[in-house]
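Colleague: Could you take me through a structure, explaining how each kind of feature is read before we turn to the particular case?

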Amino acid sequence: MSVSGSESAASANKPKYSKFTQQELPACKPLLTPGIVIGAFSLIGIIFVPIGLASLSASQEIVELIDRYDEECVTASDKIGFIQDSKANKACTRKITVPKPMKGPIHVYYQLENFYQNHRRYVQSRSDQQLRDKDYKDPKAVAKACDPEATTGDGSLIVPCGLIAWSLFNDTYAFSVNKKSVTVNKKDIAWASDKNSKFGSNVFPVNFQKGGLIGGGNLNDKLPLSEQEDLIVWMRTAALPTFRKLYGRIETDIMASDEITVVIQNNYNTYSFGGTKAVVLSTASWIGGKNNFIGVAYVAVGGICLLLAMGFVVLYVVKPRALGDPAYLSWNKEAAEYSH
Amino acid sequence: MTLAIGDGANDVSMIQMADVGVGINGQEGGQAVMASDFSMGQFRFLVPLLLVHGHWNYQRMGYMILYNFYKNATFVLVLFWYVLYTSFTLTTAITEWSSLLYTVLYTSLPTIVVGILDKDLSKSTLLAYPKLYGSGQRNEKYNLNLFVLNMLEALWQSLVVFYIPYFAYRQSTIGMSSLGDLWALASVIVVNMQLAMDIIRWNWIIHVFVWGTIAATVICLFVIDSIWVLPGYGAIYHIMGQGLFWLLLLIIVVTAMVPHFAIKAFSEHFVPSDIQIGREIEKFEALNQCVYGPFIC
């Protein structure tokens with residue numbers, strides 16, 4: 001075979017060259033040089049510390065009043081018996097003094113502790129189809145979804161079914177500031193997306209709390225579910241065992257040293273499981289509620305990064321190394337050691 | 001570990017017994033090729049097979065195995081810490097769809113693409129310094145220390161992803177679906193950032209897949225939260241409208257990455273491996289060849 005013949009046969013077998021298959025795509029090869037390392041840590045420090053300080057100051061400006069009332073509102077020794085007695089007078093008056101001026105709208109929350117709305121069985125006990133569509137009446141599917149609160153004793157369906165709706169919180173609060181009563185705006189406390197699409201405007205409560213045990217509050221039969229905002233807020237299950245839910249808003253301002261009187265209807269039974277209840281009044285800001293954590297965290301991380309930047313500066317000065325010097329390859333270093 | 005290379009029928013039994021058998025397809029026929037793991041046309045191709053492709057394969061496999069354990073451990077540990085706060089019932093705050101899509105979509109494609117395309121040193125460097133092959137023989141890319149370090153990083157990052165939102169939202173009105181969305185998005189971003197920090201060669205395909213996967217995750221979270229039947233309906237829209245969400249996302253990603261970055265910066269500069277020196281030689285070679293002196297060309 002002639003040389004040129006074998007060459008043309010070889011080039012006929014050669015695969016088509018492409019940058020992808022030959023792994024020669026153009027690429028940038030970033031490398032951590034001392035400048036990049038120190039620059040990155042310093043940049044993080046310089047950005048994070050001011051953000052942290054701004055968050056801390058925003059959090060300090062928020063005025064938050066928490067009043068835990070479940071212990072003191074029940075004076076009877078048998079707390080559970082008292083709370084389950086439907087004829088007992090459960091009204092309780094609490095006084096809160098306002099330390100700093102509070103600008104409206106002031107958010108009123110109820111806070112529960114040791115209440116696991118994230119319990120697996122509890123969270124699954126609902127039927128979203130039933131909440132939205134009044135014609136959804138598949139009894140087997142509803143019973144499976146809402147077990148154990150799906151039907152009454154004689155088998156008729158409960159609307160809304162499930163443990164979440166059944167355990168609806170039903171303490172009420174009536175506020176007065178300096179003896180003048182203040183209205184709490186209970187409109188638009190639920191998410192608009194829930195009111196419009198998740199809870200039907202033609203679905204009405206049926207047989208609610210008629211399953212044998214009463215787990216919480218009652219619902220107005222005449223209002224459709226899309227307008228039952230307390231229920232909608234309650235059914236958006238909380239993530240953690242200590243949580244708050246929006247009760248309403250006070251639209252007016254409250255001055256410092258004003259005295260707020262809350263008349264609480266202490267209906268909800270948290271005594272059976274060692275839970276606590278509190279009423280919370282809080283002003284609003286871009287950072288949400290009063291929480292120093294985010295500010296402290298930002299300042300801490302920014303500070304640590306600045307310390308790391310300084311530490312690396314010291315290290316680079318004390319132990320410099322020329323980048324890309326072949327003398328540092330392990331076989332060259334061994335040769336240098338041998339030759340000494 | 002033995003490699004046997006041969007081209008004739010008498011080499012077949014040797015090729016079969018060796019750990020890696022290489023057959024030459026040539027003048028003595030095709031029996032050696034049929035019995036071998038790798039086949040080539042000439043004996044001299046053995047050099048690039050070992051020094052270039054063998055080295056790349058070792059580095060890619062070692063990193064991908066470590067990374068896959070790490071990314072799944074990070075996600076599962078985030079779910080695990082939540083169990084402590086659900087009265088030990090196994091509720092997952094992250095929606096089941098997101099948990100499924102995590103391995104399938106949110107973190108799979110960058111892994112595959114990096115495993116195929118990334119390389120630590122170029123062909124010419126590896127052929128010029130054959131002793132770089134020793135990195136594989138010394139188990140430098142996959143050993144017990146690296147595995148333990150990986151798992152510790154997974155532990156740290158899962159703690160950061162879980163507890164920073166926990167402390168920020170502890171006594172608030174946050175719902176399970178909203179917090180779950182934050183945890184899911186933060187996990188995905190952290191895990192992909194870890195990969196991004198370790199990628200050595202960024203070509204356009206790797207860029208598309210890494211950043212595209214994060215974008216795809218956000219899109220999926222929006223789609224999942226737009227299905228009215230699911231409990232998380234509307235959650236992502238609600239929580240993304242709050243400034244606190246974005247602040248938390250930023251601090252979670254940075255705090256999770258700081259230890260990895262610091263360890264990487266320290267070990268690459270003060271205890272450099274041969275591979276690291278090789279990378280620097282490649283990058284600064286052009287600078288070192290400047291006519292009038294370093295950096296003055």
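What follows is a conversation about the contact between two chains, a helix pair, salt bridges and some backbone details.

Modeller: A word on conventions first: this is a predicted model, in which local features need pLDDT of at least 70 and side-chain atom pairs count only at pLDDT 80 or more, while totals for chains, interfaces and linings use all residues. Residues are numbered from 1 along each chain as its sequence is written, chains are lettered from A and ligands numbered from 1 in the order in which they are written, and side-chain values use heavy atoms, with hydrogens and water left out.

Colleague: How many residues does each of chain B and chain A bring to the contact?

Modeller: With contact taken as heavy atoms within 4.5 Å, chain B contributes 76 residues and chain A 69 residues. The buried area (accessible area, 1.4 Å probe, that two parts lose on being put together, summed over both) is about 6400 Å², and carbon and sulfur atoms give 67% of it. On the chain B side, B:Trp228, B:His269 and B:Phe270 lose the most area to chain A, together 11% of what that side buries.

Colleague: How many residue pairs are in polar contact across the interface of chain B and chain A?

Modeller: A polar contact is a pair of N or O atoms within 3.5 Å; within protein, one must be able to donate a hydrogen and the other to accept it, and residues adjacent in sequence count only if both atoms are side-chain atoms. The rule finds 30 such pairs across this interface, both residues being at pLDDT 80 or more. Helices here are DSSP runs (H or I, at least four residues) and strands likewise (E, at least two), numbered from the N terminus, and helix 12 of chain B supplies the largest share of the side that touches chain A, 17 residues.

Colleague: And what about salt bridges?

Modeller: Side chains of opposite charge can pair when their charged atoms come close. The rule asks for a side-chain nitrogen of Lys or Arg within 4 Å of a carboxyl oxygen of Asp or Glu; it finds 22 salt bridges over all chains, and one across the interface of chain B and chain A. A:Arg321 forms a salt bridge with B:Glu280, with the closest N and O atoms 2.8 Å apart.

Colleague: Why does the pair of A:Arg121 and A:Asp147 tie together separate parts of chain A?

Modeller: Their side chains meet in a salt bridge (3.2 Å, N to O). A:Arg121 lies in helix 4 (residues 120-124) and A:Asp147 in the loop between helix 6 (139-146) and helix 7 (163-166) of chain A, so the pair joins parts that are 26 residues apart in sequence.

Colleague: Which backbone details belong to that loop?

Modeller: The peptide bond from A:Asp147 to A:Pro148 is cis, with omega near 5°, and A:Pro148 lies in the loop between helix 6 and helix 7 of chain A. The bond from A:Val159 to A:Pro160 is cis, with omega near -10°, and A:Pro160 is placed in the loop between helix 6 and helix 7 of chain A.
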